[in-house]
Amino acid sequence: MTTVLACPRCSGPLRAPGLMSSDWECPVHGPVAPYAPLARASAEGARQLAQHAAVPVWSPLPLLSGWTLAGLARAGDERHGARATAVAVSGPSPLGGPADLVLVAEEPGTGLGAHLAGTDGLDAGTFVQGAPDAKVLAAGHLTALWRVASADDRVAFVGEALGVWLWAVLWPPDAELVLLEHVELHDLRADAHAVLELPVGAPSTRLLPG
């Protein structure tokens, strides 16, 4: 894991726990779950992330043709485990060119999914309205996803799976067509052996703070 911890809501620097507080604190957002990407994505890194996560570690299995594991991250500390996890995969967009997909599982109030989507929101509850815009299979259950506000260079969807929020953020926006394919998400905590099936590719910059 990288040694630089950041706020999951703004990527800003954090104050470490001390005599006055046992929490990691952002000067803007107060107590938060400290965020850090793994230094390098690997099957072993995915296995270790799954072992210490309090929320799912979602990965498409099998990966779409030509797609690879490109990044791993978590938000949390040693006391509480990972309150949010992020898995980045990269591959060819259905319309041509490269594409990135980041899957985030997070407890309410963490804010990582909204930050990666490029929106100022915190929790997804206010976004989930009307008919869903996409569906994926998550841990064997058909899971509805709703499109939410995002930065112009990406598209974001959110739903609920295994009791916590599930975010799917894709670059560029037309890569949303990936979700029209048969996407089957597995929680690597339950399918730890499955990490051996994940081909590792070039590292993604999508999970880097900043």
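Which residue forms a salt bridge with Arg83, and how far apart are the closest N and O atoms? The points below lead up to that pair and place it in the fold, and the reader should keep in mind throughout that this is a predicted model.

1. **The sheet as a whole.** The model contains an open sheet of 10 strands with mixed pairing, and the order of the strands across this sheet is 3-5-6-7-11-10-9-8-12-4. Its edges are formed by strand 3 (35-37) and strand 4, each of which pairs on one side only. If direction is ignored, neighbouring strands of the sheet are turned by 25° against each other on average.

2. **Strands 8, 9, 10 and 11.** Strand 8 and strand 9 (residues 141-148) are paired in the antiparallel sense over 5 bridges, and within this pairing Ala134 stands opposite Leu145 of strand 9. The hairpin made by these two strands has 2 residues between them, and Ala139 takes a positive phi near 55° there. Strand 9 is then joined to strand 10 by a hairpin of 6 residues, and these two strands are again antiparallel, with 3 bridges; here Trp146 has Val158 in strand 10 as its bridge partner. Strand 10 (residues 155-161) in turn runs antiparallel to strand 11, to which it is joined by 7 bridges, and Val155 has Leu170 in strand 11 as its bridge partner.

3. **Strand 12 and its two partners.** Strand 12 is a useful place to see mixed pairing, since its pairing with strand 8 (residues 134-138) is parallel, over 2 bridges, whereas its pairing with strand 4 (residues 58-60) is antiparallel, over 3 bridges. On the strand 8 side, Leu137 has Glu184 as its bridge partner, while on the strand 4 side Pro60 is partnered by Leu185. The side chains along strand 12 (residues 184-187) alternate, with Leu185 and Asp187 pointing to one face, where they are buried, and Glu184 and His186 pointing to the other, where they are not.

4. **Ser93 and its surroundings.** Ser93 belongs to the loop between strand 6 (81-92) and strand 7 (98-106). Its relative accessibility is 6%, and because the cut-off for a buried residue is under 20%, Ser93 counts as buried. When neighbours within four places in sequence are left aside, Ser93 is in contact with Pro98, Ala99, Asp174 and Ala175. Gly71, by contrast, is 22 residues from Ser93 in sequence and 18 Å from it in space, C-alpha to C-alpha.

5. **A nonpolar patch.** Leu95, Leu177 and Leu180 make a nonpolar surface patch of about 310 Å². Of these residues, Leu177 lies in the loop between strand 11 (164-171) and strand 12, and this leucine is partly exposed, with a relative accessible area of 30%.

6. **Helix 1 and a pair within it.** Helix 1 (residues 43-51) lies across strand 5 (68-77) and strand 6, and runs at about 30° to strand 5. The side chains of Arg47 and Glu44 meet in a salt bridge, with 2.4 Å from N to O. The two residues are separated by about one helical turn, because they are 3 residues apart in helix 1. Both are partly exposed, Arg47 with a relative accessible area of 31% and Glu44 with one of 37%.

7. **The pair in the opening question.** Side chains of opposite charge can pair when their charged atoms come close. The partner of Arg83 is Glu107, and the closest N and O atoms of this salt bridge are 3.4 Å apart. Glu107 lies in the loop between strand 7 and helix 2 (112-117) and Arg83 in strand 6, so the salt bridge ties together parts that are 24 residues apart in sequence. Glu107 is partly exposed, at 25% relative accessible area, and Arg83 is partly exposed with a value of 25%.

8. **A pair linking distant parts.** Among the 7 salt bridges in the structure is one between Asp100 and Arg206, whose closest N and O atoms are 3.1 Å apart. Asp100 is in strand 7 and Arg206 in the segment after strand 12, so that this pair links distant parts of the chain, 106 residues apart. Asp100 counts as buried, at 14% relative accessibility, whereas Arg206 counts as partly exposed, at 29%.

Key
Residues numbered from 1 in each chain as written. Predicted model: local features only at pLDDT ≥ 70, side-chain atom pairs only at ≥ 80, totals over all residues. Heavy atoms only, no water. Helix = DSSP H or I, 4+ residues; strand = E, 2+ residues; numbered from the N terminus. Buried < 20%, exposed > 50% of the residue type's maximum accessible area, 1.4 Å probe, protein only. Contact = heavy atoms within 4.5 Å. Pairing = 2+ DSSP bridges. Patch = residues over 30% accessible without salt bridge, like charges linked within 9 Å, V, L, I, M, F, W, Y side chains within 5 Å. Areas by Shrake-Rupley, 256 points an atom, 1.4 Å probe, with all protein chains shown as cover. Salt bridge = Lys/Arg side-chain N within 4 Å of Asp/Glu carboxyl O. Axes fitted to C-alpha atoms, helices over the stretch in contact; angles between N-to-C directions.
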